[in-house]
Amino acid sequence: KQGQNPKLVLLISGKRFSGKDYLSNILTTQLNQPDQTKTLLIGSVTKRLYAATSPTIDYHQLVHDRHYKEPHREGLTRLYEEMYAQDALFEVREVVESISLGQKEVVIVADVRLLEEVEYFKEVYGGKVLLLRIDCSEETRYKRGWRYNPQFDLHHTETGLDSYIPDIRFYNNRDPYGLAETATR
């Protein structure tokens, strides 16, 4: 069954350990309308496919437990690259399909990382899309457990939106996860 189009699609982007999931949770809580709001994790598509490769890999933990996910990051990245080579929008298409099956007025899509993802959402939903970027200092990310690794930190999924100007930018430098300090348009 095809659902109604949402009135608003919020795309959340940011670096590793910047607080993307945290911002998604704040927005979901502040909107306080669970019947009308849905949060989707774009990376959950790859995590689901990766977990299916072995009975010892726990999908739920990959999605919700950063410490569990980090040792799997290399394998997740490898699988992502294989899937991306076949279809650069494989994750986005599945998320859009999930949105079309729902009946939510507001959809929050966490962990958008690439320009083509943003462009695809805008093509499908037009002016209903807002890109929110959460930033913080490397020092703050380090306090949260981030360690620089060029294999991941220079990867196109980590840098793809660095020069893109978001609709709203949040600065989240509080330790460890204070409220987003500033929003600018």
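This note walks through a predicted model, point by point.

1. **The strand in the middle of the pairing.** Start with β1, residues 8-14. Of its 7 residues, 6 are buried, so the rest of the structure largely encloses this strand. Strand β3, residues 106-110, pairs with β1 in the parallel sense, over 5 bridges. Within that pairing, Val9 has Val107 of β3 as its bridge partner. Strand β4, residues 129-135, also runs parallel to β1, and 6 bridges join the two. Here Ser13 is matched with Arg133 of β4. A general point helps when viewing these strands. In a regular strand, side chains alternate between the two faces of the sheet.

2. **The largest nonpolar core.** This core has 23 residues. Leu11, Val95, Ile99, Val109 and Phe121 have the most contacts inside it. At least two of its residues come from each of β1, α6, β3, α7 (115-125) and β4. Which element gives the most to this core? Helix α6 does, with 5 residues. A second core lies apart from this one and has 10 residues, including Ile12, Leu27, Val106 and Ile134.

3. **Val109 as a place to look closely.** Set aside the neighbours of Val109 within four places in sequence. What remains in contact with Val109? The list opens with Val9, Leu10, Leu11 and Ile12. It goes on with Leu40, Ile42, Val95, Ile99 and Phe121. Leu11, Val95, Ile99 and Phe121 are named with Val109 among the residues with the most contacts inside the largest core.

4. **Helix α2.** Residues 44-51 form this helix, and 6 of its 8 residues are buried, which leaves it mostly covered. The buried ones are Ser44, Val45, Thr46, Lys47, Tyr50 and Ala51. Note that Lys47 is on that list. What covers them? The cover includes strand β2 (37-41) and the helices α3 (59-64), α4 (66-69), α5 (73-86) and α6 (90-101).

5. **Helix α5.** Its length checks out. At 1.5 Å a residue, the 14 residues of α5 should span 20 Å, and the C-alpha atoms at its ends are 20 Å apart, which agrees. Its buried residues are Arg73, Gly75, Leu76, Thr77, Leu79 and Tyr80. For reading such a list, recall that an α-helix has 3.6 residues a turn, so residues three or four places apart point the same way.

6. **Aromatic pairs.** The model has 3 aromatic pairs. One of them joins Tyr80 and Phe90. The pair is tilted, with 45 degrees between the planes and 5.7 Å from centre to centre. Tyr80 is in α5 and Phe90 is in α6, so-called distant parts of the chain, 10 residues apart. Are these two residues buried or exposed? Tyr80 has 8% relative accessibility and therefore counts as buried, the cut-off being under 20%. Phe90 is buried as well, because its relative accessible area is 9%. Together with Tyr84, Tyr80 and Phe90 form one aromatic cluster.

7. **Charges over rings.** Two arginines deserve a look. The charged end of Arg66 sits over the ring of Phe17, 3.9 Å from the ring centre. Arg147 lies over the face of Tyr142, at 3.5 Å from the centre of that ring.

8. **Two positive phi values.** Most residues other than glycine have a negative phi. Phe17 is not a glycine, yet its phi is positive, about 65 degrees. Phe17 lies in the loop between β1 and α1 (20-31). With a relative accessible area of 7%, Phe17 is buried. Asp111 also is not a glycine and has a positive phi, about 75 degrees. Its place is in the loop between β3 and α7. Asp111 counts as buried because its relative accessible area is 15%, under the 20% cut-off.

9. **Gln61, for contrast.** Gln61 belongs to helix α3. How exposed is it? Gln61 is partly exposed, since its relative accessible area is 30%. Gln61 and Ile99 are 38 residues apart in sequence. In space, C-alpha to C-alpha, they are 23 Å apart.

Notes. Residues are numbered from 1 along each chain as its sequence is written. This is a predicted model: local features need pLDDT of at least 70, side-chain atom pairs count only at pLDDT 80 or more; totals for chains, interfaces and linings use all residues. Side-chain values use heavy atoms; hydrogens and water are left out. Buried means under 20% relative accessible area, exposed over 50%, partly exposed in between (1.4 Å probe, protein chains only). Helices (H or I, at least four residues) and strands (E, at least two) are DSSP runs, numbered from the N terminus. Contact means heavy atoms within 4.5 Å. Two strands pair if DSSP finds at least two bridges between them. Rings of Phe, Tyr and Trp (its six-membered ring) pair if their centres lie within 6.5 Å; planes under 30 degrees apart count as stacked, over 60 as edge-to-face and the rest as tilted. A charge sits over a ring if NZ of Lys or CZ of Arg is within 6 Å of the ring centre and within 35 degrees of the ring normal. A nonpolar core is a set of buried Ala, Val, Leu, Ile, Met, Phe, Trp, Tyr and Cys residues joined through side-chain atoms within 4.5 Å. The expected span of a helix is 1.5 Å times one less than its number of residues.
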